[in-house]
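User: I would like to study a protein model through a set of questions. Please show the sequence and structure before the discussion begins.

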Amino acid sequence: YSILAQNFNKMAEELAGTETLRGDFISNVSHEFKTPLASIQGFAKLLQSDDITEQEREEYTQIIIDETSRLSKLSSNILRLTKLENQKTVGKKTRFSLDEQIRKILLVLEPEWSKKKIDLDIDLEDIMYVGSEELMAQIWQNIINNAIKFTPEGGKISVKLFRNEKNISAEIWDNGPSIAQQYNHNESYAMVRSRATEGNGLGLALVKRIIELSEGSIEVENDMKKGGVCFRISLPYLIEDMM
């Protein structure tokens, strides 16, 4: 009876944890959709006015187009996250260059960081990796994009990639606003930080799940020396991956 009771209590605790996680997820999804929908509704109403200028009409329609694009990205992230939640592995693995992948993503995002006159400090070791190239690209895309959004005009971003005998490490730092102290060491703080501007908390949740499937780890913290915020990613390093 005692063992049965213990197992039942354990199962009840796990179910409660799952429900809490699901509740947090639904809450975050609702928040992320609410802002662009409110924006679309507001500017659509303004377009109904007869006394707006042609310039205003173009500005409002562009905002609606941008916000619908944002909703489309959110939907894609939800679908990806739902799919990954049911996966036990990263799926098909190939051998590819991590540093080259990061360079390509920085190049794709060049219009975004150039527009804000961001100073990039890039230090990438030559590292071959065996894993899902598509999923790893999602990690760099989301975290670097997050850094660009939070970095002020004329600010700085540092992207480093290096290895030791056991791990591959990546550090992505930006001199944007710090995370509120009460959210440090809390799993949802990344989402809270991302709500300050265009939300991509779902993108960061996606990153967390991909790293879990890759048997790695991720942490984010305020940089006490330089200021700003630093994401640190660690992935298992296998000697045979380099051969």
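The questions and answers below examine this predicted model.

User: How many helices and strands does the protein have?

Analyst: The model is predicted, and its elements can be followed along the chain. From the N terminus on, they run α-α-β-α-α-β-β-α-β-β-α-α-β-β. In this order the α symbols stand for helices and the β symbols for strands, which gives seven helices and seven strands.

User: Which element of the protein has the highest mean pLDDT, and which has the lowest?

Analyst: The pLDDT is the predictor's confidence in each residue. For the protein, its mean is 79, and 72% of the residues reach 70 or more. Among the elements, strand S4 has the highest mean, 95, and helix H6 (residues 189-194) has the lowest, 45.

User: How many contacts beyond four places in sequence does the model have for residues 17-21, where pLDDT stays under 50?

Analyst: Two stretches of low confidence may be set side by side. Over residues 182-199 the pLDDT is below 50, and this stretch has 37 contacts in the model beyond near neighbours in sequence. For residues 17-21, where pLDDT also stays under 50, the number of such contacts is zero.

User: Is strand S5 largely enclosed by the rest of the structure or largely open?

Analyst: A residue counts as buried when its relative accessible area is under 20%. In strand S5 (residues 167-174), six of the eight residues are buried. The strand is therefore largely enclosed by the rest of the structure.

User: Which strands are joined to S5 by bridges?

Analyst: Strand S4 (residues 156-163) runs antiparallel to S5, and seven bridges join the two. A hairpin of three residues connects S4 to S5, and in this pairing Ser158 stands opposite Trp173. Eight bridges join S5 to strand S7 (residues 229-236), also antiparallel, with Ala170 opposite Ile233. The strands asked for are S4 and S7.

User: Which element gives the most residues to the largest nonpolar core?

Analyst: The largest nonpolar core has 40 residues, and those with the most contacts inside it are Leu98, Ile139, Trp140 and Ile144. Elements giving two or more residues to this core include helix H3 (98-108), strand S2 (119-124), S4, S5, helix H7 (201-213) and S7. The element that gives the most, with eight residues, is helix H5.

User: With which residues is Leu98 in contact, leaving aside its neighbours within four places in sequence?

Analyst: In general, nonpolar side chains tend to be buried together in soluble globular proteins. Leu98 is one of the residues with the most contacts inside the largest core. Its partners beyond near neighbours are Ile127, Tyr129, Met136, Trp140, Leu161, Ile168 and Leu235.

User: What distance does H5 reach from its first C-alpha to its last?

Analyst: Helix H5 (133-150) has 18 residues. Its buried residues include Leu135, Met136, Ile139, Trp140 and Ile144. At 1.5 Å a residue, a span of 26 Å is expected, and the helix comes close to it, reaching 26 Å.

User: Is Lys117 buried or exposed?

Analyst: Lys117 is found in the loop between helix H4 (110-115) and S2. Although Lys117 is not a glycine, it has a positive phi of about 55°. Its relative accessible area is 61%, and the cut-off for exposure is over 50%. Lys117 is therefore exposed.

User: What is the relative accessible area of Glu215?

Analyst: Glu215 lies in the loop between H7 and strand S6 (217-222). Its phi is near 60°, a positive value in a residue other than glycine. Glu215 counts as exposed, with a relative accessible area of 68%.

User: How far is the C-alpha atom of Gly228 from that of Thr151?

Analyst: Gly228 lies in the loop between S6 and S7, and at 7% relative accessibility it counts as buried. Beyond its neighbours within four places, Gly228 has contacts with residues including Trp173, Asp174, Asn175 and Glu221. Gly228 and Thr151 are 77 residues apart along the chain, yet their C-alpha atoms are separated by 8.7 Å.

User: What percentage of the 243 residues of the protein count as buried?

Analyst: The protein exposes about 14600 Å², and carbon and sulfur atoms supply 53% of that area. Of its 243 residues, the share that count as buried is 39%.

Methods
Residues are numbered from 1 along each chain as its sequence is written. This is a predicted model: local features need pLDDT of at least 70, side-chain atom pairs count only at pLDDT 80 or more; totals for chains, interfaces and linings use all residues. Side-chain values use heavy atoms; hydrogens and water are left out. Buried means under 20% relative accessible area, exposed over 50%, partly exposed in between (1.4 Å probe, protein chains only). Helices (H or I, at least four residues) and strands (E, at least two) are DSSP runs, numbered from the N terminus. Two strands pair if DSSP finds at least two bridges between them. A nonpolar core is a set of buried Ala, Val, Leu, Ile, Met, Phe, Trp, Tyr and Cys residues joined through side-chain atoms within 4.5 Å. Contact means heavy atoms within 4.5 Å. pLDDT is the predictor's confidence in each residue, from 0 to 100. The expected span of a helix is 1.5 Å times one less than its number of residues. Accessible areas come from the Shrake-Rupley method with a 1.4 Å probe; for residues, only the protein chains shown count as cover.
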